[in-house]
Amino acid sequence: MTINRTVRPSGTTGSAGHAEAIRRDGFAVLAGQHLRAQLPDPEFAALREAWADLPVDEQVAEGVTYRRRRYGRVRVVLGADGPVVTPLANTAFRQDTIPLWRGRTRVFAPVAEEFLRSPALRFLLALDAGLARDLSGMTDWEVGLHLVRIIAQPTSAGLPTPEGRHSDGHHFVGMHLIRRDNCTGGLSVIHPRQGPPVESTLTEPLDSLFVADREVTHEVTPVGAENGTGVRDMLLVDLNRWRSDDGAPTDRPGGR
């Protein structure tokens, strides 16, 4: 795999600039420091606490414990006063767009409703749904929320994307770094439709990657432990258009 471009997180172009980058390249990388400046410390600390109680993701493979996970769903409607966030029932799902998960029904432990209604999550949903609106004109979204922790040990790496290079099949996906402690690796690699892959490493809290998921494929390299145990926490936000004619979601392949 040849990579000739490394993209660093940017916070200088604003929402319109990021949307333009996504239209052009299929992705944008957002600087966490600019997002953190808009989020009070207590709210971000409360958000982070949700990753302290993630059960092992038993769907990866028997005996694998490096990946921990919860899953939740909300409906997000953007209005003049910001997003209206409505929790939805947790469901099992399939993801036949990815060979590793094809034909498998997967169930993850649910996210607490307190988290789904938290101010920090509402802030991030406003960001992601706002970009999705800027790109599509749509204001009504079904959103899947994946709380994922990857644990790396000195003798074994953790795999953020055991499925390898893939597209999830959603309209858009937001990927937000919540914590990265004692880690090496974990490079996000984006494969545009044209040209060589592009690399970006999310290192600071709330460094984020937003992709038009049907325009690019993406993967993350293994995470190693730099000093003791390495921990990488991510919030993954899947956005799919909500069909307004009968209130039912459409074009939803499931979670990651």
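## Arg 133 and Asp 134

Let's start with one residue: Asp 134 has a relative accessibility of 28%, so it counts as partly exposed, the label for values between the cut-offs of 20% for buried and 50% for exposed. Keep in mind that you're looking at a predicted model. Next door in the sequence, Arg 133 is also partly exposed, because its relative accessibility is 34%. The side chains of these two residues join in a salt bridge, with N and O 3.5 Å apart.

## The overall picture

Now zoom out. The protein has 256 residues, and 50% of them count as buried. You'll find five helices and 15 strands in it. Take the contacts between residues at least 6 apart in sequence: 77% of these link residues at least 24 apart.

How confident is the predictor here? The mean pLDDT is 86, and 83% of the residues reach 70 or more. Residues 245-256 are another story, with pLDDT staying under 50. The model still has 47 contacts beyond four places in sequence for that stretch, but go easy on them. Where pLDDT is low, predicted coordinates shouldn't be read in detail.

## Two nonpolar cores

Nonpolar side chains in soluble globular proteins tend to be buried together. In this model, the largest nonpolar core has 38 residues. Those with the most contacts inside it are Leu 47, Phe 115, Leu 125, Val 143, Leu 145, Leu 235 and Leu 239. Helix α5 (residues 119-136) gives the largest share of this core, eight residues.

What does Leu 125 touch? Leaving out residues up to four places away in sequence, its partners are Val 74, Val 76, Val 85, Gly 130, Val 143, Leu 145 and Val 237. Apart from the largest core there's another one, made of 20 residues, including Leu 177, Ile 190, Val 211 and Val 216.

## A sheet of seven strands

Time for the strands. Seven of them form an open sheet with antiparallel pairing, in the order β2-β12-β8-β15-β7-β3-β4. Which strands stand at the edges? They are β2 (27-30) and β4 (82-88); each has a single partner strand, so one side of each is left without a neighbour in the sheet. From one strand to the next, the twist averages 25 degrees.

Look at one pair in detail: β8 (residues 172-181) and β15 (residues 230-241) are antiparallel partners over nine bridges. Within this pair, Leu 177 stands opposite Met 234 in β15. You've met Leu 177 already, as one of the residues of the 20-residue core.

## More salt bridges

The protein has 14 salt bridges. One of them sits in helix α1 (residues 14-25), where Glu 20 and Arg 23 are three residues apart, about one turn of the helix. The closest N and O atoms of Glu 20 and Arg 23 are 3.5 Å apart. Glu 20 is partly exposed because its relative accessibility is 41%, and Arg 23 counts as partly exposed at 49%.

Another salt bridge joins Arg 179 and Asp 181, whose closest N and O atoms are 3.5 Å apart. With a relative accessible area of 22%, Arg 179 is partly exposed; Asp 181, at 33%, counts as partly exposed too. Which residues form a network of salt bridges? Arg 149, Arg 179, Asp 181 and Asp 233 are linked in this way.

Conventions
Residues are numbered from 1 along each chain as its sequence is written. This is a predicted model: local features need pLDDT of at least 70, side-chain atom pairs count only at pLDDT 80 or more; totals for chains, interfaces and linings use all residues. Side-chain values use heavy atoms; hydrogens and water are left out. A nonpolar core is a set of buried Ala, Val, Leu, Ile, Met, Phe, Trp, Tyr and Cys residues joined through side-chain atoms within 4.5 Å. Buried means under 20% relative accessible area, exposed over 50%, partly exposed in between (1.4 Å probe, protein chains only). Helices (H or I, at least four residues) and strands (E, at least two) are DSSP runs, numbered from the N terminus. Contact means heavy atoms within 4.5 Å. Two strands pair if DSSP finds at least two bridges between them. Axes are lines fitted to C-alpha atoms, for helices over the stretch in contact, and angles run from 0 to 180 degrees between N-to-C directions. pLDDT is the predictor's confidence in each residue, from 0 to 100. A salt bridge is a side-chain nitrogen of Lys or Arg within 4 Å of a carboxyl oxygen of Asp or Glu.
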